[in-house]
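These are my notebook entries on strand pairing, ring contacts and nonpolar cores. I worked from the sequence and the coordinates alone.

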Amino acid sequence: MILPSCLRIKMKFSLTTVARILTALMLFLALPPLSHGAEPGAGQTLKIALVHFEVKYKEAEENRRELVDLNRQAAEAGAKLVLNTEMAVSGYSFQSRRDIAPLTETDQGRTVQAMGQLAKEHGVYVGITYPEKDPATQCYYNSAFVLGPDGQLVCKYRKIATEKRWARPGSPLQKGFFDTPWGRMGVLICADSYYPLMSRTMALKGVNFLWVPANWPPTGGLDPKFIWRARALENGFFLAACNRTGMDRTLDCRQTASYVFNPEGRQLFSGSSEKTQVFFVEIPLDENGRLTDVHRRKMMETRKIDYYRPVYLEPWTENLTSFYELPEPGDLDIHCLLPSSERFDPSELEKRIEETPGGSPALWVLPETPAEELNMEELAKIAKDRQLAFAVAVENSEGHATPTLVTPEGTQSFVNAEAAEENAFPFDVLRYGPAAVAMVAADDFQHPEMAEVLSKLGADLVVLSETNMTPESLLVSRIKSLTGMAVAACAENAAEITSVKDMHGSWDLQQCSRPGVCTYRLDTSKTRKKLFQSRIDFDLLLKSE
């Protein structure tokens with residue numbers, strides 16, 4: 001495998017024919033190409049380029065000249081798809097409409113014209129970004145544009161979760177995708193990928209490759225690579241995040257990284273540099289020379305649309321406690337038991353409870369357990385004697401598991417049988433101590449619609465009780481905490497409890513992979529403050545096929 005290397009090209013004057021020849025020779029002879037992802041004998045691949053660009057703030061002319069040069073070099077080096085970072089022409093941080101106005105362009109401006117000519121000259125696709133001005137309304141947008149091999153604009157996408165000081169959010173009904181000989185490709189810009197339903201709508205549109213131009217430094221502990229990897233896993237598509245480098249007015253992007261993930265969440269590429277680099281990545285194609293859609297189709301086929309009907313709700317998030325008549329917020333101790341043997345042992349449970357510090361209220365999460373191994377009366381007695389609760393999926397003889405909550409007051413099922421018969425949302429959000437608790441199967445929870453519904457219905461905590469969880473399923477579950485809930489996942493082989501401080505904050509994460517107890521104290525006053533993205537195409541999400 002060829003290790004990635006880097007190239008920095010600085011142009012101080014307009015290109016001449018001689019200069020283009022010299023730079024082409026540098027690419028092919030003097031320096032090895034920046035490539036990654038192709039394996040010997042792997043078959044057909046699509047060569048793409050990520051222009052990890054050191055954007056110069058407010059220097060649009062210089063940025064444009066250098067971008068045209070770098071994109072041309074990438075095309076001459078064999079890239080069929082050349083992708084750039086967010087706000088590549090202008091820089092990122094602006095304080096007002098007046099501040100950014102001189103840097104705006106229409107969708108037929110100088111940058112599109114230059115990139116269109118380049119794309120036509122080399123027969124490639126080019127994705128470029130800049131602040132767009134709509135001449136009809138004089139509104140400004142953070143926009144991405146894709147030029148096709150004929151030089152024409154084939155896709156325009158306007159960022160939805162955009163900058164509040166100057167940019168108008170794009171429409172959730174915008175197309176946002178384009179078709180290529182290798183399959184359908186789509187666009188989301190930076191923070192749009194933070195919100196899971198935006199990526200899901202792209203998958204529902206048939207997108208098999210998602211381009212994410214970004215200005216996203218890995219500050220605060222919440223590295224965007226986890227979000228991007230989870231979005232690829234959740235939706236079963238390729239994801240290429242083209243980040244930037246250098247210093248902006250307020251952002252230090254010198255440590256940012258660009259990534260490519262495959263539909264199974266495997267990292268095909270990561271690259272970072274404090275100076276401009278052009279990265280080449282080989283994307284594997286199937287026997288027909290197409291991007292695989294097997295994983296995306298599988299994910300879409302396992303959706304349960306009837307579960308998602310409440311996803312359009314807009315609860316009064318300023319005070320969810322009164323809106324849903326939830327328990328007064330406070331601390332809840334969560335303990336996930338990782339047993340030392342496959343067969344449930346009540347004596348081990350009691351021993352672990354005895355050894356674990358903490359007071360009441362406390363919720364113990366157990367791995368999925370067969371009914372014949374679990375004495376519910378004994379479990380209820382422990383709950384009552386020790387004034388704590390248990391959450392466990394109880395598996396019957398037919399292999400079906402019932403999510404169950406055992407408290408000092410009695411035993412409840414998280415499944416609402418009457419609602420299930422009516423094809424309504426079949427799960428109840430139950431109250432225990434200071435928390436509103438939900439419990440579903442990991443297979444259902446992998447879909448972002450389910451997490452969004454549970455959060456909008458007021459859940460502080462979602463519990464997963466499974467026999468086994470892979471690192472990928474744990475990541476996909478963990479990422480759901482971005483919807484404003486804590487997630488406690490417990491299986492026989494692993495356990496973890498996750499919460500998030502804020503949008504760009506760090507994970508609150510406790511993990512365990514050996515027999516023992518994974519513990520976390522949840523303050524439900526934090527999970528009552530939720531942030532939902534309402535600019536979503538809910539018709540697309542809820543349309544029955």
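**Entry 1: strand register.** I looked up the partner of Ala 144 and found that it stands opposite Tyr 157 in β5. The model is a predicted one, and I read it as such. Ala 144 belongs to strand β4, residues 140-147, which pairs with β5 in the antiparallel sense over five bridges.

**Entry 2: the sheet.** I then traced the sheet to which these strands belong. I noted an open sheet of six strands with mixed pairing, in the order β5-β4-β3-β2-β1-β12. Which strands stand at the edges? They are β5 (153-158) and β12 (277-284); each has a single partner strand, so one side of each is left without a neighbour in the sheet. On average, neighbouring strands of this sheet are turned by 25° against each other, direction ignored. I also recorded that helix α4, residues 110-122, packs on the sheet and touches β3 and β4. The direction of α4 makes about 175° with that of β3.

**Entry 3: aromatic pairs.** I listed twelve aromatic pairs in the structure. I examined one of them, Tyr 125 with Trp 182: the ring centres are 5.8 Å apart and the planes stand at 70°, over the 60° limit, so I entered the pair as edge-to-face. Tyr 125 lies in strand β3 (125-133), whereas Trp 182 lies in the loop between β6 (177-180) and β7 (183-187); the pair therefore ties together parts that are 57 residues apart in sequence. Are these two residues buried or exposed? Tyr 125 is buried, with a relative accessible area of 9%, and Trp 182 also counts as buried, at 15%. Elsewhere I found Trp 216, Trp 228, Tyr 259 and Phe 261 linked into a cluster by ring pairs.

**Entry 4: charges over rings.** I searched for charged groups placed over aromatic faces. Arg 158 lies over the face of Tyr 141, at 3.8 Å from the ring centre. The charged end of Lys 47 sits over the ring of Phe 280, 4.8 Å from its centre.

**Entry 5: nonpolar cores.** I found that the largest nonpolar core has 98 residues. Among those with the most contacts inside this core are Ile 48, Leu 50 and Phe 209. I looked up the contacts of Ile 48, leaving aside its neighbours within four places in sequence; they include Ala 79, Leu 81, Phe 209, Val 260 and Phe 280. Apart from this core lies another, of 43 residues, among them Ala 362, Phe 390, Leu 405 and Cys 518.

Key:
Residues are numbered from 1 along each chain as its sequence is written. This is a predicted model: local features need pLDDT of at least 70, side-chain atom pairs count only at pLDDT 80 or more; totals for chains, interfaces and linings use all residues. Side-chain values use heavy atoms; hydrogens and water are left out. Rings of Phe, Tyr and Trp (its six-membered ring) pair if their centres lie within 6.5 Å; planes under 30 degrees apart count as stacked, over 60 as edge-to-face and the rest as tilted. Helices (H or I, at least four residues) and strands (E, at least two) are DSSP runs, numbered from the N terminus. Buried means under 20% relative accessible area, exposed over 50%, partly exposed in between (1.4 Å probe, protein chains only). A charge sits over a ring if NZ of Lys or CZ of Arg is within 6 Å of the ring centre and within 35 degrees of the ring normal. A nonpolar core is a set of buried Ala, Val, Leu, Ile, Met, Phe, Trp, Tyr and Cys residues joined through side-chain atoms within 4.5 Å. Contact means heavy atoms within 4.5 Å. Two strands pair if DSSP finds at least two bridges between them. Axes are lines fitted to C-alpha atoms, for helices over the stretch in contact, and angles run from 0 to 180 degrees between N-to-C directions.
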